[in-house]
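The following note sets out points on the structure shown below. They are numbered for ease of reply.

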Amino acid sequence: MSNKEKIITLLEDVPEYKMGYILAYIQGITADDEDDDLYCRRMAESYLNDPESEQEETYTLEECKKEWGLD
């Protein structure tokens with residue numbers, strides 16, 4: 001029995017509520033890295049070009065630590 005056949009056989013015993021995990025994993029390992037890079041670039045461009053984003057606000061590490069009570 002090939003690995004693919006073993007996987008298909010095992011899938012028959014996987015509960016439906018876990019299928020989403022398997023689907024996400026398989027999509028991840030079969031995704032093209034180039035497509036993933038393009039997707040990430042588009043997400044970054046979308047964020048940078050969003051007029052409603054709060055990207056102009058910046059905080060120093062010291063400000064964050066003080067706000068979170070980590071001083």
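1. A residue counts as exposed when its relative accessible area is over 50% and as buried when that area is under 20%. Glu34 has a relative accessible area of 61%, so Glu34 is exposed. The model under discussion is predicted, and the points below should be read accordingly.

2. Overall fold. The chain contains four helices and zero strands, and along the sequence the pattern reads α-α-α-α. The radius of gyration is 21 Å, whereas the globule rule gives 11 Å for 71 residues; the chain is therefore more spread out than a compact globule. Along the principal axes, the C-alpha atoms occupy a box of roughly 60 × 30 × 20 Å.

3. Burial and surface. How much of the chain counts as buried? The figure is 3% of the 71 residues. The exposed area of the chain is about 7,100 Å², of which 55% is supplied by carbon and sulfur atoms.

4. Charge. The chain carries 7 positive and 20 negative charges. The mean position of the positive charges and that of the negative charges lie 8 Å apart.

5. Negative patch. Which residues gather in a patch of negative charge on the surface? They are Asp32, Asp33, Glu34, Asp35, Asp36 and Asp37. Of these, Glu34, the exposed residue of point 1, is found in helix H3, and helix H3 spans residues 33-48.

6. Nonpolar patch. Tyr25, Ile26 and Ile29 make up a nonpolar surface patch, and their accessible area together is about 320 Å². Ile29 belongs to helix H2, which covers residues 19-30. Is Ile29 buried or exposed? With a relative accessible area of 55%, Ile29 passes the cut-off of over 50% and is therefore exposed.

7. The loop between helices H3 and H4. Pro51 sits in the loop that joins helix H3 (33-48) to helix H4 (61-67). The relative accessibility of Pro51 is 76%, so Pro51 counts as exposed. Where does Pro51 stand with respect to Ile7? The two residues are 44 positions apart in sequence, and their C-alpha atoms are 47 Å apart in space.

8. Points to keep in view. In a revised description, the spread-out form of the chain should be stated with its radius of gyration of 21 Å, together with the 3% of residues that count as buried. The two surface patches also merit separate mention: the negative one, which includes Glu34, and the nonpolar one, which includes Ile29.

Methods. Residues numbered from 1 in each chain as written. Predicted model: local features only at pLDDT ≥ 70, side-chain atom pairs only at ≥ 80, totals over all residues. Heavy atoms only, no water. Helix = DSSP H or I, 4+ residues; strand = E, 2+ residues; numbered from the N terminus. Rg over C-alpha atoms; globule rule 2.2 N^0.38 Å. Buried < 20%, exposed > 50% of the residue type's maximum accessible area, 1.4 Å probe, protein only. Areas by Shrake-Rupley, 256 points an atom, 1.4 Å probe, with all protein chains shown as cover. Lys, Arg positive; Asp, Glu negative; His and termini not counted. Charge placed at Lys NZ, Arg CZ, Asp CG, Glu CD. Patch = residues over 30% accessible without salt bridge, like charges linked within 9 Å, V, L, I, M, F, W, Y side chains within 5 Å. Salt bridge = Lys/Arg side-chain N within 4 Å of Asp/Glu carboxyl O.
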